[in-house]
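Me: I'd like to go through this model label by label and check each one against its cut-off. Can we do that?

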Amino acid sequence: MLGIIGAMDVEVNAIKEKITQKTVSNIAGVEFVCGFLEEVMVCAAQCSPGKVNAALCTQAMIDNFDIDKIINVGVGCSLSQDVVIKNIVIATDVCEYDIDISALGEPLGFINGLNTIKIKTDEELSEKLARTAINCGEKIHRGTIASGDTFIADSGLKKKLTDEFSAICGEMEGGAIGHTCAANHIPFAVIRSISDGGDENSQLDYPTFKKIAADISTAIIIEFIKSEQNQYALF
């Protein structure tokens, strides 16, 4: 079963509405809607913003449903001059930029337990998403997505994330979802549609473009699932 997680209602409601033969479960304050989308079994959930919410939702989804891969879908900010509003970023890897035990000698972002800074996404799943986005006519970028419990709206923080992690997109959930998936050996991918520039203009741009950006990423997920259904139909 494919798990789909988004932080906000605009990121997952359109997916939930298209699910048929659905069952609804409420676990740890999260609504999980499972059923069929284009004849592919899916489970969709809105985790709410932030790393703890994202990790809690991901672990609950893995523990309670027969999940074999997870896609985190939603919006994010640009951390690169090459990435502009309404572009698509599909992560090659994710990091958690606000983990800081550098006082104990570890590099910024080092994840104890996984013993890494960057967590690689699943190559096959990410490549399929990239091809789907291109077929939908979207401009895509591949690179590191950086996650933390801060809405990025500061040029100084934006530069730090670029310098420290070579990140091209910032948001608040993908790193935690990737962390949880890696700990459970579940393949995952993260797709973000850019809603703002991660700078002082973000407070204006984000409310203006978040719905547009979310609709783009949701449309890509639905087309991806259609392509998966067509692939299954061959066998």
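Me: What makes strand β10 count as mostly covered?

Reply: Quick ground rules before that. This is a predicted model, so local features need pLDDT of at least 70 and side-chain atom pairs count only at pLDDT 80 or more, while totals for chains, interfaces and linings use all residues. Residues are numbered from 1 along each chain as its sequence is written, and side-chain values use heavy atoms, with hydrogens and water left out.

Now β10, residues 188-196: nine of its nine residues are buried. Buried means under 20% relative accessible area, exposed means over 50%, and partly exposed is in between (1.4 Å probe, protein chains only). Strands here are DSSP runs of E with at least two residues, helices are runs of H or I with at least four, and both are numbered from the N terminus.

Me: How do you know that β10 pairs with β5 and with β6?

Reply: By counting bridges: two strands pair if DSSP finds at least two bridges between them. β5 and β10 run parallel and are joined by eight bridges, with Val75 opposite Ser193 of β10. β6 and β10 run antiparallel with three bridges, and there Ile90 stands opposite Ile191 of β10. Both counts meet the threshold, so both are pairs.

Me: What else pairs with β6, and why is β6 called largely enclosed?

Reply: β8 (residues 140-147) is one partner, parallel to β6 over eight bridges, with Ile88 opposite Ile140. β7 is another, antiparallel to β6 over three bridges; Asp93 has Lys120 of β7 as its bridge partner. As for the label, eight of the nine residues of β6 are buried, so the rest of the structure largely encloses β6.

Me: Why is Ser80 called buried when Ser80 sits in a loop?

Reply: The label is about area. Ser80 is in the loop between β5 (69-78) and β6, but its relative accessibility is 16%, so Ser80 counts as buried. Leaving aside neighbours within four places in sequence, Ser80 is in contact (heavy atoms within 4.5 Å) with Lys158 and Ile168. The C-alpha atoms of Ser80 and Cys169 are 7.3 Å apart, with their positions 89 residues apart in sequence.

Me: What makes Glu31 partly exposed, and which residues does Glu31 contact?

Reply: Glu31 has a relative accessible area of 34%, so Glu31 is partly exposed. Glu31 lies in strand β3. Beyond neighbours within four places in sequence, its contacts include Lys16, Val24, Ala44 and Gln46.

Me: Why is the β2 and β3 unit called a hairpin?

Reply: Start with the pairing: β2 (residues 20-27) and β3 (residues 30-37) are antiparallel over six bridges, and Val30 is the bridge partner of Ile27. Two residues lie between the strands, and the pair forms a hairpin. Ala28 in that turn has a positive phi of about 55°.

Me: Which other residues have a positive phi, and what makes that worth flagging?

Reply: Most residues other than glycine have a negative phi. Gln21 has a phi near 50°; Gln21 is in β2 and is exposed, at 66% relative accessible area. Asn115 has a phi of about 55° and isn't a glycine. Asn115 sits in the loop between β6 (88-96) and β7 (118-120) and, at 52%, is exposed too. Then there's His185, which follows α5 and has a positive phi near 60°.

Me: How do you know that the whole chain agrees with a compact globule?

Reply: The rule for the globule is 2.2 Å times the number of residues to the power 0.38, with the radius of gyration taken over C-alpha atoms. For 235 residues that gives a value near 18 Å; the protein chain has 17 Å, so the two agree. The C-alpha atoms fill a box of roughly 50 × 35 × 30 Å along the principal axes. In the chain, 54% of the residues count as buried, and there are six helices and 10 strands. Among contacts between residues at least 6 apart in sequence, 76% join residues at least 24 apart.
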